[in-house]
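This report goes through one model in parts. The text begins with the DNA surface and then turns to the protein chains.

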2 protein chains.
Amino acid sequence: MRKSVQTRLNILQKSFELIYVKGYQSTSIDDILSSMEVTKGAFFYHFKNKEEMGLALITDLLYPRMKHFLIEPLSSSADPIKSIYQMIANLLKDTEHFDVKYGCPAVNLIEEMSPLNTAFHKHLKDIVGEWTDAIEKCLLKGKENGKIGLMINPAEAAAYIVSGYAGVRNIGKMLGTPVYQSYLKQFKLYLNSLT
Amino acid sequence: MRKSVQTRLNILQKSFELIYVKGYQSTSIDDILSSMEVTKGAFFYHFKNKEEMGLALITDLLYPRMKHFLIEPLSSSADPIKSIYQMIANLLKDTEHFDVKYGCPAVNLIEEMSPLNTAFHKHLKDIVGEWTDAIEKCLLKGKENGKIGLMINPAEAAAYIVSGYAGVRNIGKMLGTPVYQSYLKQFKLYLNSLT
DNA sequence: CTCATAAGATACTAATTAGTATGTTTTCAA
DNA sequence: TTGAAAACATACTAATTAGTATCTTATGAG
């Protein structure tokens, strides 16, 4: 019962890699299997079909990463503007999990799968929702301790910030890292206007 | 030689519709054909393969629309902030060409095809590039006639604006039209900070 | 140890895919 | 009017797809 957990994880991780590059629909199960030492029998033992694997990908890999990289940095924040900027800047700097060319796995999945599959839609909506809420709460706390202007609407601002991130991951696919830099500079201007 | 031009256009338009909803890769040629009164012979008479059709889709449909809806409104602009805001607001209001659930056809194609196919990448890069340039020039003209602050970097701002639009189309797929409203309000705040 | 079940391997299937080969019809210039 | 090319139709193919049926092997509780 030990090894099997590992093979399941291996399948998920390899799938994650391939789907990140090629997209969910055009990454075939055979693609995944032939890229690693696992057979179809193992795959369909662990997942009843491709969709279940795709959803497991979201809950078992994407969600925990989201918590770690996008929620935690905000929860213990004294200065919302600094924290939020740093969170986004760190995301865009992270070349271990991301490649400009391929954008952001979560954003990609939203783009591709959200309109096509209600289960994907639900799972991804939860992720986006949690992130947006975390930003909103962070800004709200900022209003309380005077770091954020009283006329600022935290929910609106959070939606705007999340949108901006998703967008720069998209445009980055076309124009490369320079857009990241431009975006970050203007993003800082925007954030400062929230004081 | 008259009718054939129309069938070619019909194929492109129907393809555009289906690809907008399902994505390029998972819209099969058979899907397209069975959704209209055209046979495989006609399809492959007009396009040597699926890729050529996809690229024609960009140059013959997407590009002209981009010119009309995204470039023209800016070229004759006296007040950049007003024009740019109106352009984006009108885009997000347009329910004839767009559906929140399915986002923006161009953004979708970028997300899906840009990393996968160099020809798609090039075509889409041109579109994004032209739009960004148009916004940049509009802001530059604004600097000259005093509508835009002298310390503003038009190229940076343009990249930021385009990113924001792409992003809200993505997040809109998840959270629906309310994000459009939030986004527009904060976008206006940002634009006003450019004076 | 041992055997029931978990975990994985192998070989298939039916459907779908892009694309082709080859046919028929339509158009329009001479 | 006519005939050559343009425009389209039909019937195929080979590859790929998700998924299944049926095996074999590994594991760990008793």
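## DNA contacts and helix packing

The residues of the surface near DNA strand D divide into 6 nonpolar, 8 polar and 4 charged. The model is a predicted one.

Around DNA strand D there are 18 residues, and those that come nearest are A:Ile29, A:Lys50, B:Thr39, B:Tyr45 and B:His46. Both protein chains contribute to this surface: helix H2 (29-34) and helix H3 (40-46) of chain A, and helix H1 (3-22) and helix H3 (40-46) of chain B, each supply at least two residues. The largest share, 5 residues, comes from H3(B). On the DNA side, sugar or phosphate holds 69% of the atoms of strand D within 4 Å of the protein, and the rest belong to bases.

DNA strand C also has 18 residues around it, with A:Ser4, A:Thr39, A:Tyr45, A:His46 and B:Ile29 coming nearest. Of the atoms of strand C that come within 4 Å of the protein, sugar and phosphate account for 66%. Helix H1 (3-22) and H3 of chain A, with helix H2 (29-34) and H3 of chain B, each supply at least two residues of the surface near strand C. H3(A) gives the most to that surface, with 5 residues. By residue class, the surface near strand C divides into 6 nonpolar, 8 polar and 4 charged.

The table gives polar atom pairs between protein and DNA.

| Protein residue | Protein atom | DNA atom | Distance |
|---|---|---|---|
| A:Ile29 | polar backbone atom | phosphate oxygen, strand D | 2.9 Å |
| A:Lys50 | polar backbone atom | phosphate oxygen, strand D | 2.9 Å |
| A:Lys40 | polar side-chain atom | base oxygen, strand D | 3.1 Å |
| A:Ser4 | polar side-chain atom | phosphate oxygen, strand C | 2.9 Å |
| A:Thr7 | polar side-chain atom | phosphate oxygen, strand C | 3.0 Å |
| B:Ser28 | polar side-chain atom | phosphate oxygen, strand C | 3.4 Å |

For A:Lys40, the partner atom is a base oxygen of strand D. For A:Ile29, the pair is made by the backbone, and the partner is a phosphate oxygen of strand D.

Chain A as a whole comes next. Chain A holds 9 helices and 0 strands. Its C-alpha atoms fill a box of roughly 60 × 35 × 30 Å along the principal axes. Of the 195 residues in chain A, 54% are buried. Counting contacts in chain A between residues at least 6 apart in sequence, 71% join residues at least 24 apart. The accessible surface of chain A comes to about 9,000 Å², and carbon and sulfur atoms hold 57% of that area.

In chain B, B:Ser15 lies in helix H1. Is B:Ser15 buried or exposed? The relative accessible area of B:Ser15 is 0%, and buried means under 20%, so this residue is buried. Its side chain reaches the backbone oxygen of B:Ile11 at 2.7 Å. Leaving aside neighbours within four places in sequence, B:Ser15 is in contact with B:Ile32, B:Met53 and B:Leu57.

Helix H5 of chain B covers residues 80-93. At 1.5 Å a residue its 14 residues should span 20 Å, and the end C-alpha atoms are 20 Å apart, so the two values agree. H5(B) is mostly covered, with 10 of its 14 residues buried. Among the buried ones are B:Ile81, B:Ile84, B:Tyr85, B:Ile88 and B:Leu92. An α-helix has 3.6 residues a turn, so residues three or four places apart point the same way. The cover over the buried residues of H5(B) includes helix H4 (50-75), helix H7 (118-144), helix H8 (154-175) and helix H9 (177-192) of chain B. At the N-terminal end of H5(B), B:Asp79 acts as a cap: one of its side-chain oxygens lies 3.2 Å from the backbone nitrogen of B:Ile81.

B:Ile110 is found in helix H6 (residues 105-113) of chain B. B:Ile110 has a relative accessible area of 4%, so B:Ile110 is buried. Not counting residues up to four places away in sequence, B:Ile110 touches A:Asn170, A:Lys173 and A:Met174 in chain A, and B:Pro115, B:Leu124 and B:Val128 in chain B. B:Val168 is 58 residues from B:Ile110 in sequence, and the two are 15 Å apart in space, C-alpha to C-alpha.

Definitions and conventions: Residues numbered from 1 in each chain as written. Chains lettered and ligands numbered in written order. Predicted model: local features only at pLDDT ≥ 70, side-chain atom pairs only at ≥ 80, totals over all residues. Heavy atoms only, no water. Near = heavy atom within 4 Å. Polar contact = N/O pair within 3.5 Å; in protein donor to acceptor, adjacent residues only side chain to side chain. Helix = DSSP H or I, 4+ residues; strand = E, 2+ residues; numbered from the N terminus. Nonpolar A, V, L, I, M, F, W, Y, C, P; charged D, E, K, R; others polar. Buried < 20%, exposed > 50% of the residue type's maximum accessible area, 1.4 Å probe, protein only. Contact = heavy atoms within 4.5 Å. Expected span 1.5 Å × (residues − 1). Areas by Shrake-Rupley, 256 points an atom, 1.4 Å probe, with all protein chains shown as cover.
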